[in-house]
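Welcome, and please take a moment to look over the model below before reading on. The report then walks through it piece by piece.

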Amino acid sequence: MNENEKQKSDAKKKEKQNKPKGYCTRKAGVIAFWVMLVLMFLTVVVNSGGGKKQTEAVVPNEPTASKAVSMEAIEFSKDFLSHYFTWNPEQLDKNERDTQLGYFVTKDLADQIGNVAGKMWQSTLKRDAVLLKEAEGIGDNKSILTFQVGITYDKTLAAIEKEKSALGEDGEDTHSVENLSQDSMDVVVNEQGIVKRVTKKKYVAVHLYYDADQKRYMIYQVPSFTYYEETPNTSGPDMDTEKLRTVVGNQINGVKDFLNTFFEAYANDSREKLSYLFEDEHRQSGLNKTMQFDSIKNVTVFEGKNEKEKVVSATVIFAEPDTGIEYSSYYQIVLAERQDRFVVKHLNSKKYIDELLRATEQSSDETGGDKSKKDKQGEKEQESQSGKR
C-alpha cells in the first residue's frame, strides 16, 4: 500500500468515527421513505389509467337501485293509487285534483292523469284496500309495482233517479245485479233493486322512478290495468321435520298425554303455573284465556339433539270462547325429559330445528364416509384373496 492509499484509508476511518450515534438508522429511514413514495406514485398511476372502467363496473349504486322496490316505494305507490282512484264527479275541482296528483307524478303527467270521465259514479279507494302482488326492479332506479285494488263505486243521486225513471213496466231494473262483471266483490242495491254501490277487484301496475339527486319518488307513466289468475296453490316448500328421524312405540302415548295437559294449561293457566311445564320464558304468558283448548291431532314425534329431547309436530284445536268457533293451529314443540316428567323447552323454535338438521346432516355425512372406507377396504381384501387363488 502506497502513501496515498494509506492516507485515504485513514481518512475513511476518521470519518466513520466522527459520525453521530443513530446516523445509519436515520439514513435507512430516509431510503425507506423514498421507496414507499415511489410505490405510492406507481399505484396512483396504475389505478388512474384503468380507474374509469372499474368505477363504471363496480358502482351501480346498489342502495339507490333498491330504493325503487323498497318499502318506502310501495307505501308511496299505495298513497298515489288511493288518490288516483278517488273522486266525486258532483264535487270535482279539476285544479285541486291536478295539484294533489302532481305530488306523485312527473310534470308531464299531472294534467293528463287527473281527468275523470263519466258523471254517474263516485269512486273511492281506501288505502287499506291496496295489496301488493308483485315488485319488479327494472334498473336505472325504476320499478314496476303491481297491486290488487278494491275500488268502491257509488252511483250518484242523479244517476239513481234517472235509472228509476227507466225501470221496466214490471218494475224490474234493466241493469240488474246479474249483469255485473265477474270482478264485482260487494254489491248494494236499493228497494227498487237498483245497484247503488259496487266494489270491484282490479289489478294495476304502477311505473315508479326514484330520483337519487332529489331523493324523492315519482310515477313516470299512467298506471296500466293487468290481471292475475287466482288459482289454488299446487305446491309448497318441504317441511323442516321431513329430514328428522321419527320415533315409534310406546313413547308416543306418553307424549300425547303430556301435550293434552300442556295445551290445556297454555290456554288457561297463569304465568306462574305455566312455568312448571314451560321453560321458554318469552312465551310463558300463554294464551291468557283468549282461546279454549279442545283437542290435539296429527301428532308426530321425532328424535331431538339427544336421548332426553324430542321434537313434536302437532295440530292443536282451539275454540273462540264467546262464539265456540273452532280453529286449527300448527305447533312444533321441543320436549325435554326432566327426571320423571316432560317439560316444553321450545315452541315453534326455528333455531333449534336448524341446529338439529345441521347435526343430523353432519352425522349422515360421517356415517357415509365411514361406510365408504369400509367398502373400499372390503374391495381390496377381495382383490387380494382373488390374487392368491
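## A strand covered on both sides

From β9, the residues Glu309, Val311, Ser313, Thr315, Ile317 and Ala319 point one way, while Lys310, Val312, Ala314, Val316 and Phe318 point the other way, and all of them are buried. Put as a count, eleven of the eleven residues of β9 are buried, so the strand is mostly covered. Please keep in mind that this is a predicted model.

## The sheet around β9

What order do the four strands of the open sheet follow? They run β8-β9-β10-β11, with antiparallel pairing. At the edges are β8 (292–303) and β11 (341–347), each of which pairs on one side only. From one strand to the next, the twist averages 35°. In general, the strands of a sheet pair through backbone hydrogen bonds, and they can do so in a parallel or an antiparallel way.

On one side, β9 meets β8: nine bridges join these two antiparallel strands. Here Phe302 stands opposite Val311 in β9. A hairpin of five residues leads from β8 to β9.

The pairing of β9 (residues 309–319) with β10 (residues 326–338) is also antiparallel, and eleven bridges join these two strands. Lys310 has Leu335 of β10 as its bridge partner, and Ala319 is matched with Glu326 in β10. The hairpin of β9 and β10 has six residues between the strands, and in this hairpin Gly324 takes a positive phi near 80°.

## A helix and a nonpolar core

Next, look for helix α8 (residues 251–268). This helix lies across β8, β9, β10 and β11, and runs at about 140° to β8.

Which residues have the most contacts inside the largest nonpolar core? They are Leu259, Phe262, Phe263, Tyr266, Phe318, Ile333 and Leu335, in a core of 29 residues. At least two residues of this core come from each of α8, β8, β9, β10 and β11. The helix α8 gives the most, with nine residues.

Phe263 offers a good view of this region. Leaving aside neighbours within four places in sequence, Phe263 is in contact with Phe293, Ile296, Val316, Phe318, Tyr331 and Ile333. There is also a second, separate core of 26 residues, which includes Phe76, Phe80, Ala110 and Ile113.

Two names from the strand pairing come back here: Leu335, the bridge partner of Lys310, is among the core residues with the most contacts. Phe318, one of the buried residues of β9, is also on that list.

## A buried threonine

Is Thr146 buried or exposed? Thr146 has 6% relative accessibility, and because buried means under 20%, this residue counts as buried. Thr146 belongs to strand β3 (residues 142–155). Beyond residues up to four places away in sequence, Thr146 touches Leu131, Leu132, Lys133, Glu134, Val204, Ala205, Thr226 and Tyr228.

## Salt bridges across the chain

How many salt bridges does the structure hold? There are twelve, and three of them are set out here.

| Pair | N to O distance | Separation in sequence |
|---|---|---|
| Asp79 and Arg127 | 2.5 Å | 48 residues |
| Lys133 and Glu230 | 3.7 Å | 97 residues |
| Glu355 and Lys305 | 2.5 Å | 50 residues |

In the Asp79 and Arg127 pair, Asp79 sits in helix α4 (residues 71–84) and Arg127 in the loop between β1 (121–124) and β2 (130–139). Asp79 is partly exposed at 28% relative accessibility, and Arg127 is partly exposed at 34%. Glu75, Asp79 and Arg127 are linked in a network of salt bridges.

Lys133, which is among the residues that Thr146 touches, forms a salt bridge with Glu230. Lys133 lies in strand β2 and Glu230 in the loop between β7 (224–226) and α8, so this pair ties together parts that are 97 residues apart in sequence. Lys133 counts as partly exposed at 33% relative accessibility, and Glu230 is partly exposed with a relative accessible area of 43%.

The pair of Glu355 and Lys305 leads back to the sheet: Glu355 is in helix α10 (residues 350–388), and Lys305 is in the loop between β8 and β9. Glu355 is partly exposed at 28% relative accessibility, and Lys305 is partly exposed with a relative accessible area of 42%.

Definitions and conventions:
Residues are numbered from 1 along each chain as its sequence is written. This is a predicted model: local features need pLDDT of at least 70, side-chain atom pairs count only at pLDDT 80 or more; totals for chains, interfaces and linings use all residues. Side-chain values use heavy atoms; hydrogens and water are left out. Buried means under 20% relative accessible area, exposed over 50%, partly exposed in between (1.4 Å probe, protein chains only). Contact means heavy atoms within 4.5 Å. Two strands pair if DSSP finds at least two bridges between them. Axes are lines fitted to C-alpha atoms, for helices over the stretch in contact, and angles run from 0 to 180 degrees between N-to-C directions. A nonpolar core is a set of buried Ala, Val, Leu, Ile, Met, Phe, Trp, Tyr and Cys residues joined through side-chain atoms within 4.5 Å. A salt bridge is a side-chain nitrogen of Lys or Arg within 4 Å of a carboxyl oxygen of Asp or Glu.
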